[in-house]
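Visitor: I should like a close look at a single part of this structure. Please describe the open sheet and what surrounds it in one connected account.

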Amino acid sequence: MLATRLWRGPPRRPPSPRAPRPARPPASRILCVRLCGNPEFSQSHRYGTVAPPDEITVSYRHGFPVITLTLPSRRERCQFVIKPMLSTVASFLQDVQNEDKGVKDVAVLTADGNALPASTLMDVLLMEDFKLIINKVAYEVQCPKKEKPGHEHVAELEDVKFLVHRLFTVLHLEEFQKKREHHLLEKIDLLQEQLRPLEQVKASIEAQSEARTSSLLWAGLALLSVQGGALAWLTWWVYSWDIMEPVTYFLTFANSMVFFAYFITTRQNYTYTSMRSRQFLQFFHKKSQQKHFDVEKYNRLKEDLAKATESLDRIRHALYWRIH
C-alpha cells in the first residue's frame, strides 16, 4: 500500500552516530610492603619513591656522594655532601654531631661489625656497605656500586690527584707550618709550666744527694788514711816489717775481693766515677720517694719537651729557607 498522508514539515535529519566513550584506564595498583623486625611497623605502607624516615641513603649528585639521614632531635632529613678525597670518618661524624646536638654517641662500623679508624677516608668507606651507630641505634647503609674505571682513567685520576696535592702543598704549606709553629709554642709553654715545680723539687733533691755522695767519698778517703797510718805505726813503732808484711798482703787480697764483689753485684768496673754516680743515684731515688717526686713523669715531660723543641727548630728552619 502507498501512504495516503505526506509529511509537510522540514525534512528529518538522520540520527548522528554517537562518538564512542573513551575506555577507562584500569585502576592503578598499589604495591604494599611490610617492614619486619619492629612491631610498630607491622601494618602495610604504600610503596613510593620517598625513603622511609629512618633509612640512611647514599646517592651521588654532581659527582659527589650525598648521605641522607634523619636527625634524632628534630626528626628532619638532612643531607651531608662528602668530599671523598678530603673528608674522613672523623670529620663526617663531627659534622653529624655539630648539626644535631642531641647526637651523643656516633660511630661507623663495617658490615661485619668491626670498628674503623677515624682517619679512614670516606672514599674508602663508601666502597662497601657499612653500619652507622647513632645514639646506640644501628642503621644499615647500602652504598651504590660504582663502575670500575679503566686503566687509562685511573692513571689520569692519579695524575690529577698528584697535581692537586702539589698545588695544595704549595698554596697551604706556609700557612700549615705557621699553625704548626703556633701549636708547638703553646705545647712548649704548657710543658715548661708543668716542669717548673718539678725542677724545683729535683734541684733540692740533687743538692742533698750531692752532699751525701761527697760526704761518703771523704769518709772513704779518711778510712784509707787511717788504715795507712795504722800500718805505718805498727810497722815502725810496734812490730817489725817481717811481722807486718803478711798483714799487708792479706789486706791487699781483701781489697781485691771487695772490688770483685762490687763487679759481680753491679756488673760495672770498679772506678771512682762509676761508684760516685751509683751512690748519687741511690741517694737521689731514696730522697725522691721521701718527697713524692715522680721521676717517670719528669722524664716523660722532658722527652716531650725535647721532641717539641726539635720539631719547632725544623719548622723554623724550613720557613727561613722559604722566605730567603
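Guide: The account below begins with the whole chain, turns to the sheet, and ends with the packing around it.

The model is a predicted one. The protein has six helices and eight strands, and along the sequence these follow the pattern β-β-β-β-β-α-β-α-β-β-α-α-α-α. Of its 324 residues, 20% count as buried. The accessible surface comes to about 26,100 Å², and carbon and sulfur atoms account for 59% of this area. Among contacts between residues at least 6 apart in sequence, 52% join residues at least 24 apart.

The part requested is an open sheet of three strands, arranged in the order β3-β4-β5 with antiparallel pairing. β3 and β5 are its edge strands, each pairing on one side only. From one strand to the next, the twist averages 30°.

On one side of the sheet, β3 (residues 57-61) pairs with β4 in the antiparallel sense over five bridges. Within this pairing, Ser59 has Val66 of β4 as its bridge partner. β3 and β4 form a hairpin, with two residues between the strands. His62 lies in the turn of this hairpin and has a positive phi of about 55°.

The pairing of β4 with β5 is likewise described by five bridges in the antiparallel sense. Here Thr68 stands opposite Gln79, a residue of β5. The loop between β4 and β5 contains Arg75. Although Arg75 is not a glycine, its phi is positive, at about 55°. As background, most residues other than glycine have a negative phi.

A helix completes this local arrangement. α1 packs on the sheet, where it touches β4 and β5, and its direction makes about 145° with that of β5.

The packing can be followed further through the largest nonpolar core, which has 23 residues. The members that touch the most other members are Ile67, Leu69, Phe92, Phe130 and Leu132. Two or more residues come from each of β4 (64-70), β5 (77-81), α1 (89-99), β6 (106-110), α2 (122-125) and β7 (130-134). The largest share, four residues, is that of α1.

Leu69 gives a detailed view of these surroundings. Leaving aside residues up to four places away in sequence, Leu69 touches Glu55, Ile56, Glu76, Arg77, Cys78, Phe80, Phe92 and Leu132. Two of these partners, Phe92 and Leu132, are also listed with Leu69 among the core residues that touch the most other members.

A second, separate core contains 15 residues, including Leu195, Phe284, Phe293 and Leu301. Elsewhere in the chain, the loop between α5 (272-290) and α6 (295-323) holds His292. His292 also has a positive phi, of about 60°, although it is not a glycine. Its relative accessibility is 73%, so His292 counts as exposed.

To return to the part requested, the sheet is open and antiparallel, with the order β3-β4-β5, and α1 packs on it by touching β4 and β5. Both of these strands, together with α1, are among the elements that give two or more residues to the largest nonpolar core.

Technical notes. Residues are numbered from 1 along each chain as its sequence is written. This is a predicted model: local features need pLDDT of at least 70, side-chain atom pairs count only at pLDDT 80 or more; totals for chains, interfaces and linings use all residues. Side-chain values use heavy atoms; hydrogens and water are left out. A nonpolar core is a set of buried Ala, Val, Leu, Ile, Met, Phe, Trp, Tyr and Cys residues joined through side-chain atoms within 4.5 Å. Buried means under 20% relative accessible area, exposed over 50%, partly exposed in between (1.4 Å probe, protein chains only). Contact means heavy atoms within 4.5 Å. Two strands pair if DSSP finds at least two bridges between them. Axes are lines fitted to C-alpha atoms, for helices over the stretch in contact, and angles run from 0 to 180 degrees between N-to-C directions. Accessible areas come from the Shrake-Rupley method with a 1.4 Å probe; for residues, only the protein chains shown count as cover.
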